[in-house]
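Hi,

Here is the structure I promised to send over. Have a look at it first, and my notes on what turned up follow underneath.

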Amino acid sequence: MTASDRSADPSVLYASHVAELQRRAETALARGGFDHLVVPSGTLHYQVFDDRDYPYAVNPQFKAWVPLVRNPGSWLVFTPGARPKLVYLQPFDYWHVVPQAPSGWWVEHFEVIVIREPQQALAYLPADAARCAILGEPLSALGAFVPNNPQPVIDYLEYHRAFKTPYEVAMMREATRKGVRAHRAAEAAFRAGASEFDIHLAYCAAARQDANELPYGNIVALNQNGAVLHYMELDREAPAQSRSFLIDAGASHVGYACDITRTYAADRDGEFQALIDAVDGAQRRMCDQVRAGFDYKQLHLDAHLALAGILKDFGVLKTTPEAAVANGVSAVFFPHGIGHGIGLQVHEVAGFAASDRGGRIDKPAGHPYLRLTRVLEPGMAVTIEPGLYFVDLLLQGLEQGEHAGDVDWKRIEQLRPYGGIRIEDDVVCTEAAPLNLTREEFAA
């Protein structure tokens, strides 16, 4: 095995990852005045007046340590100076498939204890629950071990979770490979005339993941449905004419997510394709701004100016791009943030954190939907997702307002049937040029 191969070997990367998590946890515990970190994997939630459970979602604080996403009732325990402990629930159950015993390159880093009943975990948790920082949801409580989620511990761990270890970047790259494979299948289904529902099924089949395994619900929108930012209706019947297709869909790999959006025109030589190409070019330039020391807020504001310039070039704007940004007209066509952090969660935590001791960096005035306001640093992973949409509700407000004359309404009517455009990549900030995981895989 060469040095290059070892650098990509999950067993090598994971060892460094766990060491970094232990370092972070030790500092976080000291900040909060605790002796132990205790993290439940989570438990099953049942529907009211029924015996059916909701799809299980693992505690992100748990899956940060171990590549386990389907193991309710398990616990992670870390005490500084001691080997991390995994209390692993492998129940006696003939109704369901029981999780296999822990195995693989990650197991050697833990003291693994297999239990058969949830209550048995108590024998392996620290003696004094009051000395524990217990991170989880209320339903995970077991005896005296009730999640307390101490803020100094949470603040420290979540702030530093923005900085991905090489192991985490490798896991996100694997998620991206699955997602890009599925995106290609979805585009093929669109060009074959499939319905939204059938495109969604083609996506899941190519990703080899069902809807509950995906990191978020697929947005599969044909024609004007692309103007609904979180469109999830999945029409079962194909439209008489498919003019455009917007898909925002990700994939998962051992708890890590990718988040990818692409937009396609049925007519590859038409005007809407030209508009897609213009947004794509601008998006690539925005991705190149993911550099150490660059303020993500400024990236969002720069995106507004770039997108307003495209609207001007295509005859939608009658005023200058600068005026459209200043008076809020650009927000009618680009009504969301430029992106967010990504990793263990699609919308990664601590996007507004001023430091690892708390505090908040406010969003720019007039931009309420931005999800990240921090200055970019090496290791941060973010999405870059500019968009242009023709949303009826927002256009009605513009038409009735003082800036109605700033746009060409005939041009808007020509573009309205196409819905909208969004293009999204996952980008890692480095010491040098950004690493675009999405483009890297599409180019492979």
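The lining of the largest cavity is made up of L21, R24, A25, L37, Q61, A64, W65, L157 and R161. Bear in mind that this is a predicted model. The volume of that cavity comes out at about 100 Å³, and the count of cavities of 30 Å³ or more is two. Which helix gives the largest share of the lining? That would be α2, with three residues.

Helix α2 is worth following from there. It spans residues 10-32 and packs on a sheet, where it touches β1 (36-40), β2 and β5. Its direction makes about 75° with that of β2.

The sheet in question is open and has five strands, in the order β4-β3-β2-β1-β5, with mixed pairing. At the edges you'll find β4 (111-115) and β5 (132-134); each has a single partner strand, so one side of each has no neighbour in the sheet. From one strand to the next, the twist averages 20°. If you want a spot to zoom in on, try β2 (residues 75-78) and β3 (residues 85-89): they run antiparallel and are joined by three bridges. L76 sits opposite L86 of β3 there.

Another residue to click on is H36, which belongs to strand β1. Is H36 buried or exposed? It is buried, because its relative accessible area is 18% and the cut-off for buried is under 20%. Leaving out residues up to four places away in sequence, H36 touches L29, F78, T79, P126, R131, C132 and A133.

Now for the other sheet I looked at. Three strands make up this one, also open, in the order β6-β7-β8 and with antiparallel pairing. Its edge strands, β6 (219-222) and β8 (256-265), each pair on one side only. Neighbouring strands here are turned by 15° against each other on average, ignoring direction. Ten bridges connect β7 (residues 244-253) with β8, and S244 stands opposite A265 in β8.

Two helices lie across this three-stranded sheet. Helix α6 (residues 196-207) lies across β6 and β7 and runs at about 140° to β6. Helix α7 lies across β7 and β8, at about 145° to β8.

On to the cores. In soluble globular proteins, nonpolar side chains tend to be buried together. The largest nonpolar core here has 49 residues, and the ones touching the most other members are Y296, F333, I338 and I384. At least two residues of this core come from each of α7 (271-287), α8 (296-313), α10 (329-333), β11 (381-384), α11 (392-399) and α12 (409-415). What does I384 touch? Not counting residues up to four places away in sequence, its contacts are Q283, M286, C287, V290, Y296, L299, I338, I423, E424, D425 and V427.

There is also a second, separate core, with 40 residues; L37, V66, A133 and L157 are among them. You have met some of these names already: L37 and L157 also line the largest cavity, and A133 is one of the residues that H36 touches.

If you only have a few minutes, I'd start at the largest cavity with its three lining residues from α2, then go on to I384 and its contacts.

Cheers

Note on methods:
Residues are numbered from 1 along each chain as its sequence is written. This is a predicted model: local features need pLDDT of at least 70, side-chain atom pairs count only at pLDDT 80 or more; totals for chains, interfaces and linings use all residues. Side-chain values use heavy atoms; hydrogens and water are left out. Two strands pair if DSSP finds at least two bridges between them. Helices (H or I, at least four residues) and strands (E, at least two) are DSSP runs, numbered from the N terminus. Axes are lines fitted to C-alpha atoms, for helices over the stretch in contact, and angles run from 0 to 180 degrees between N-to-C directions. Contact means heavy atoms within 4.5 Å. A nonpolar core is a set of buried Ala, Val, Leu, Ile, Met, Phe, Trp, Tyr and Cys residues joined through side-chain atoms within 4.5 Å. Buried means under 20% relative accessible area, exposed over 50%, partly exposed in between (1.4 Å probe, protein chains only). On a 1 Å grid over the protein atoms alone, a cavity is a set of points where a 1.4 Å probe fits but cannot get out, and a pocket is an open set with protein on both sides within 12 Å along at least five of seven lines; lining residues have an atom within 4 Å of a point. Grid points are joined across faces, edges and corners, and a volume is the space filled by probe spheres set on the points.
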